[in-house]
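The exercises that follow ask you to read a protein model step by step. Please look at the sequence and the structure first, and then try each task before you turn to its solution.

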Amino acid sequence: MKYLYLLIFLLFFDEVTAQSEKTIYDHAVFWHKTEINEMFNENWGVGVDYVYRSKNQLNEGSMFQSHLRTSIRPWVHYQFNKNARFSVSPIGYMYTNEYIGKEEDFDRLPYHELRTTFQFFHHQKSASGKWMHTWRYRYELRWQEQPIHEDYRFFTRFRFRYRIRYIINGNDFYENNTWYAAVSNEIGLNMGKNVVLNTFNQNRLYVGIGYRFFDVVRAELRYVDRFRTRGATGFEFDHGRGLMLGIYVDQLSGLWNKEIQKVKFAD
């Protein structure tokens, strides 16, 4: 498995080191995500997430200037143990207005996307409990609208993310009033017969701080740095940098019922 990790990050390194030969469009972005989950017992649960993103245009103006993406996805969870979960999003809906990096981009039409997602993550904690490592793997089936052709393009994407958290004022990520810091990196690779020439899709780096309140709710403020290929050739890239605000309800019924099981299963 360690060789898989090495291969993935070498692919990203190759893309970054070759940036001098490519055209890169910079953007200021704001991302928001609200995620709500409910575990019914030790094994089964459901969830939903809502995403809203905005951007500036031609690298001018504020990160809130224009719409980038709105999406919603339902989830079904199966918890193997306190540190491992498999999840499926049967169908998710995305609506996207693409980045505006050059004048010709104003002619790019918004598009819809339907997505089925399979996800597995697992944790490893240090003996002291202050450090928490998480590995997440996603495989996505994507049906992306092509407005000009009035058709949908099908392809798949594999995403791998590693994240490390540090518990600032305690040693348990799931305790109330906990402050924590986190750093993560995720790479995405497009796959399928409709993917030509370029497999690398994007890399996402997050650095942030979070706080748990009401026992089951977390708020996170992150710096996000996203490097994404545009088109199939691999010669043009969008580089979005900005802020992300995340709200996570790890156990919805815990907001009104303090007798339920403690939160143990958050990604």
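**Exercise 1.** In this predicted model, decide whether phenylalanine 30 is buried or exposed, decide the matching question for phenylalanine 64, and then describe how their two rings are arranged.

*Solution.* We begin with phenylalanine 30, whose relative accessible area is 17%, and since buried means under 20%, phenylalanine 30 is buried. Phenylalanine 64, by contrast, has a relative accessibility of 53%, and because exposed means over 50%, phenylalanine 64 counts as exposed.

The next step is to look at the rings themselves. Aromatic rings pair if their centres lie within 6.5 Å, and by this rule the count comes to 18 aromatic pairs. In the pair of phenylalanine 30 and phenylalanine 64, the ring centres are 5.0 Å apart and the planes stand at 50° to one another, so this pair is tilted. Finally, we place the two residues along the chain: phenylalanine 30 belongs to strand S1 (residues 23–39), whereas phenylalanine 64 is in the loop between strand S2 (44–55) and strand S3 (66–81), so the pair ties together parts that are 34 residues apart in sequence.

**Exercise 2.** Work out which strands are tied together by the pair of phenylalanine 200 and phenylalanine 227.

*Solution.* We first take the geometry of the pair, in which the centres are 6.5 Å apart and the planes make an angle of 40°, and this aromatic pair is tilted. We then find phenylalanine 200 in strand S9 (residues 200–213) and phenylalanine 227 in strand S10 (residues 217–229), so the pair ties together parts that lie 27 residues apart in sequence. As a last step we check the accessibility, and here phenylalanine 200 is buried with a relative accessible area of 4%, while phenylalanine 227 is buried with 5%.

**Exercise 3.** Describe the surroundings of tyrosine 137, starting from the cluster of rings to which tyrosine 137 belongs.

*Solution.* Ring pairs link Tyr137 into a cluster with Trp44, Tyr78, Phe80, Phe120 and Phe160. Tyrosine 137 is located in strand S6 (residues 131–146), and at 16% relative accessibility tyrosine 137 counts as buried. The side chain of tyrosine 137 is also joined to that of histidine 122 by a polar contact of 3.4 Å. Measuring along the chain and then through space gives two separate values for tyrosine 137 and arginine 159, which are 22 residues apart in sequence and 5.8 Å apart from C-alpha to C-alpha.

**Exercise 4.** Find out which side chain is joined to glutamate 186 by a polar contact, and which residues glutamate 186 touches.

*Solution.* Glutamate 186 has its place in strand S8 (residues 179–191) and is buried, with a relative accessible area of 4%. The polar contact joins the side chain of glutamate 186 to that of arginine 159 at 3.0 Å. Leaving out residues up to four places away in sequence, glutamate 186 touches Arg136, Arg159, Phe160, Arg161, Gln202, Asn203 and Arg204.

**Exercise 5.** Determine which backbone oxygens are reached by the side chain of glutamine 79.

*Solution.* Glutamine 79 lies in strand S3 and is buried, with a relative accessible area of 0%. Its side chain reaches the backbone oxygen of asparagine 81 at 2.7 Å, and it also reaches the backbone oxygen of alanine 84 at 3.1 Å.

**Exercise 6.** State how many cavities of 30 Å³ or more are found in the whole structure, and which residues lie nearest the centre of the largest cavity.

*Solution.* Rolling a probe the size of a water molecule over the atoms shows where empty space is left. A search of the whole structure finds four cavities of 30 Å³ or more, and the largest cavity holds about 480 Å³ of space. Its lining consists of 37 residues, of which Lys33, Glu35, Arg73, Arg136 and Arg138 lie nearest the centre.

**Exercise 7.** Describe the protein as a whole, beginning with its helices and strands.

*Solution.* The secondary structure comes to one helix and 11 strands, and from the N terminus on, the order is α-β-β-β-β-β-β-β-β-β-β-β. Of the 267 residues in the protein, 48% are buried. Among contacts between residues at least 6 apart in sequence, 59% join residues at least 24 apart.

Note on methods: Residues numbered from 1 in each chain as written. Predicted model: local features only at pLDDT ≥ 70, side-chain atom pairs only at ≥ 80, totals over all residues. Heavy atoms only, no water. Phe/Tyr/Trp six-rings, centres within 6.5 Å; stacked < 30°, edge-to-face > 60°. Helix = DSSP H or I, 4+ residues; strand = E, 2+ residues; numbered from the N terminus. Buried < 20%, exposed > 50% of the residue type's maximum accessible area, 1.4 Å probe, protein only. Polar contact = N/O pair within 3.5 Å; in protein donor to acceptor, adjacent residues only side chain to side chain. Contact = heavy atoms within 4.5 Å. 1 Å grid on protein atoms, 1.4 Å probe; cavity = no way out; pocket = protein on both sides within 12 Å on 5 of 7 lines; lining within 4 Å. Points joined across faces, edges and corners; volume = space filled by probe spheres on them.
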